Amino acid sequence: MNPSAHVMARRLRFEEVRPLIPDIEELEPLVERLIRLSEPDPGSRWAGSGALATLGSRLVDPSHLEAAVPDLIEEVRSRTEEILTATVRALGLCSSHEPEAAVPLLAEAAQRELERGRLRAAYALSASALRVADHLLDRRVALQAYLVVARVRRIEGRLDESRVAYGAALDLARRAEQTLQAATAAIGLGNLEVDHHDWIAARRWYDVAEELLGGATDVPPHRWHLALNRCILAREEGDLDAAEGFLAKARALSHGDPDAVPIVSNARGQLLFARNELRAAESAFREALTHVRAADARITIRVNLAETLVARGHLILAQDEARAAEEDALAHGVTSRLPEVYRMLGEVAAAAGLPDAFLFFEQALEVIDSRALPLAERIRVLEAYANFHARNGDEPAAESLRRVARDHATTLRTPLP
Amino acid sequence: MREIETFVSQVGATDAPALLQGEPGTGRERVARTLHRLGPRAQGAFVAVNCAGIPERYLELELFGQEEGMVPGGPPAKIGRLERSTGGTLFLDEVEELSPLLQVRLLRALVDGELERLGGTKTRPWNARVIAASDGSLESAVESGRFREDLFFQLSSVRLSIPPLRDRVEDVLPLTLHFARRFSERYHRPVVGISDDAIRHLESHSWPGNASELRNALDRAVLRCRGGWILVEDLSLHAPHPHRALLGDVEAGYAPTRSLEDVEADHIRKVLGYTGGGISAAADILGIHRNTLTRKIEAYGLRGPEDGGE
């Protein structure tokens, strides 16, 4: 009998396995698959350590990866084929004097990379599109490429560069009389100003978008998106009655759009939270959860719900929601959302008086730093971490973190939350 | 419970290091806090450390602290938890998970009665009662060499084994009523009673999480119950893995006569139904590439859905 037939593969902690994987781009799908395959350690579920579990302490069985190799190869092959094909075809079009056709080809490839969360590739492809467009007399074809650049830079927290790209997109869209794209760019500019807490400038851009949409009746998503953005803006400004009005408008405009229901319910929950109507806010978020399909949106709603439950003092339920959001982020590969989930878990643990709540904030910062996620989220985590220290009477530690947060805010040229 | 009460009353008033052994959730920290409260160090701090929950790269710092100036522009001085427990009690939970390095440092601090912060050369006096807790595997860890025998003897002057809740079913009802009352007051939700079915459900559960699990179940139940009565449906004793919960009820096993293809096709159909036909979302849930899923949909002759998820 072969002795190795009885050898049981040992499950390892993610934090043990991760450093063993070379840090090269080609292996990113492997890391993502490892994250998806990871599971909480059942042995520590009821232990004190279980309550502190994060991505690092989850268990992975590397032997399961062998079965996933063909799928991973297909994923890498398929993505590489797409990018190669788009690039080679674009080169061919440039060579056959059709560069204006090459630009949207590269921009489409950039958009697909953006949807996959591959920001570096998305930016690189759209930058190539723009370099081709630079030589064209009519640069209107560069519109989509500018929008991709703007979205990538916004996600990365490079807001000034995002603004330039949205501005260029708006300019091109107007010249091309592409009303929807122009409105999209104007809304994007408004959202950037919200990021900067410049409410007046944000409102100006939303007014521009409204004007561009004019009396068009076949643009429902844009209209209710705009109403929702105005609702958020009014809420941030503290004008809750105006926010209520815009929310009602968004609901009316989105009637019949199934994708709108969870988003509008979530916005309603946020508005009720701002009004301190916590029980109603909880109901609104739970309503949103019954309709949502996309993992990303579900994470947002669960985190908002968890925040409401913390405010109500229902910590066990808040923890349940935050943990469900964590499972969503891990199972669906939306690891970019983990920092805010861990920030919420940290706030729940801090509210429960756990001295080890700091682990969640440290894990959030580790994920942000390892994935080069936006500074804006780093600021939020640092602020929450500082509050934890302050609550525990460690003012020097709190101030140390706040100092770093202030430095980041200066870099972004945005006020602290 | 009586045995625990006897132990506490006998040992509580002393300063002896104690080792509490029991499954997670059996109330080890609660017993430790009671010992602290009854002992001569009750006026001092009770400082808890979870040796398994804190990754080692943080644990040494948490235990021993650090001096200021270790890194230019770095964080300020930090007082470790050992130092904070001076004059009081240090509770080391899941002590069996301490690394060899930290076992050595802890042993030295126990024997010498002093410690050094990270990055420091100055020794500081340390005098605290140490209560350690383990899941019962500490002796075997000593036997296998994973845990130092000398440290084990330092920590275990007196020992208490806390039995799991399933071995003391007679405690389930009083604990249930205690927790229900506590959470009813905390949340201002009047609880009139608990149904007989719910009680039977609680008493027949295996309680892998012991009293902690029971406490959490009652916490949720009080928040969920309607009309002041806790019913079976208010108890979530087998809280589903959240990911599985997203898929709704999962069929509890397939008939052994079904082929692998049959089972796979069925599951794909179910997931597509859940995602409303969204291929990308379904591929995410199934953990396969969307091209692979598309091929399987074709191969199994499943109805081609609209890709509404993009």
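**Figure 1. Strand β2(B) is covered on both faces in this predicted model.** On one side sit Phe46(B), Ala48(B) and Asn50(B), and on the other Val47(B) and Val49(B), all of them buried. That fits the count for the strand, which spans residues 46-50 of chain B: 5 of its 5 residues are buried. Look across from β2(B) and you'll find β5(B), residues 89-93, running parallel and joined to β2(B) by 5 bridges. One of the pairings to pick out is Phe46(B), whose bridge partner in β5(B) is Thr89(B).

**Figure 2. His408(A) sits in helix α20 of chain A.** The helix covers residues 395-412. His408(A) counts as buried because its relative accessibility is 14%, and the cut-off for buried is under 20%. Its side chain makes a polar contact of 3.0 Å with the side chain of Arg378(A). Leaving aside residues up to four places away in sequence, His408(A) touches Leu375(A), Arg378(A), Ile379(A) and Leu382(A). So Arg378(A) turns up twice here, in the polar contact and in the list of residues touched.

**Figure 3. Two cysteines of chain A, Cys94(A) and Cys231(A), in their settings.** Cys94(A) is partly exposed, with a relative accessible area of 33%. Cys231(A), on the other hand, is buried at 0%. If you're hunting for disulfides, a search of the whole structure finds 0 over all chains.

**Figure 4. Chain A as the backdrop, with 20 helices and 2 strands.** Its C-alpha trace spans about 70 × 65 × 45 Å along the principal axes. The radius of gyration is 23 Å, which agrees with the value near 22 Å for a compact globule of 417 residues. Buried residues make up 51% of the chain. Among contacts with a separation of 6 or more, 57% link residues 24 or more positions apart.

**Figure 5. Stretches of chain B where the predictor's confidence is under 50.** Chain B averages a pLDDT of 85, and 84% of its residues score at least 70. Over residues 240-252 of chain B, though, pLDDT stays under 50, and the model has 20 contacts beyond four places in sequence for this stretch. Residues 304-310 of chain B are also below 50, with 17 contacts in the model beyond near neighbours in sequence. For the complex, the predictor gives an ipTM of 0.82 and a pTM of 0.84.

Conventions. Residues numbered from 1 in each chain as written. Chains lettered and ligands numbered in written order. Predicted model: local features only at pLDDT ≥ 70, side-chain atom pairs only at ≥ 80, totals over all residues. Heavy atoms only, no water. Buried < 20%, exposed > 50% of the residue type's maximum accessible area, 1.4 Å probe, protein only. Helix = DSSP H or I, 4+ residues; strand = E, 2+ residues; numbered from the N terminus. Pairing = 2+ DSSP bridges. pLDDT = per-residue confidence, 0-100. Contact = heavy atoms within 4.5 Å. Disulfide = S-S within 2.5 Å. Polar contact = N/O pair within 3.5 Å; in protein donor to acceptor, adjacent residues only side chain to side chain. Rg over C-alpha atoms; globule rule 2.2 N^0.38 Å.
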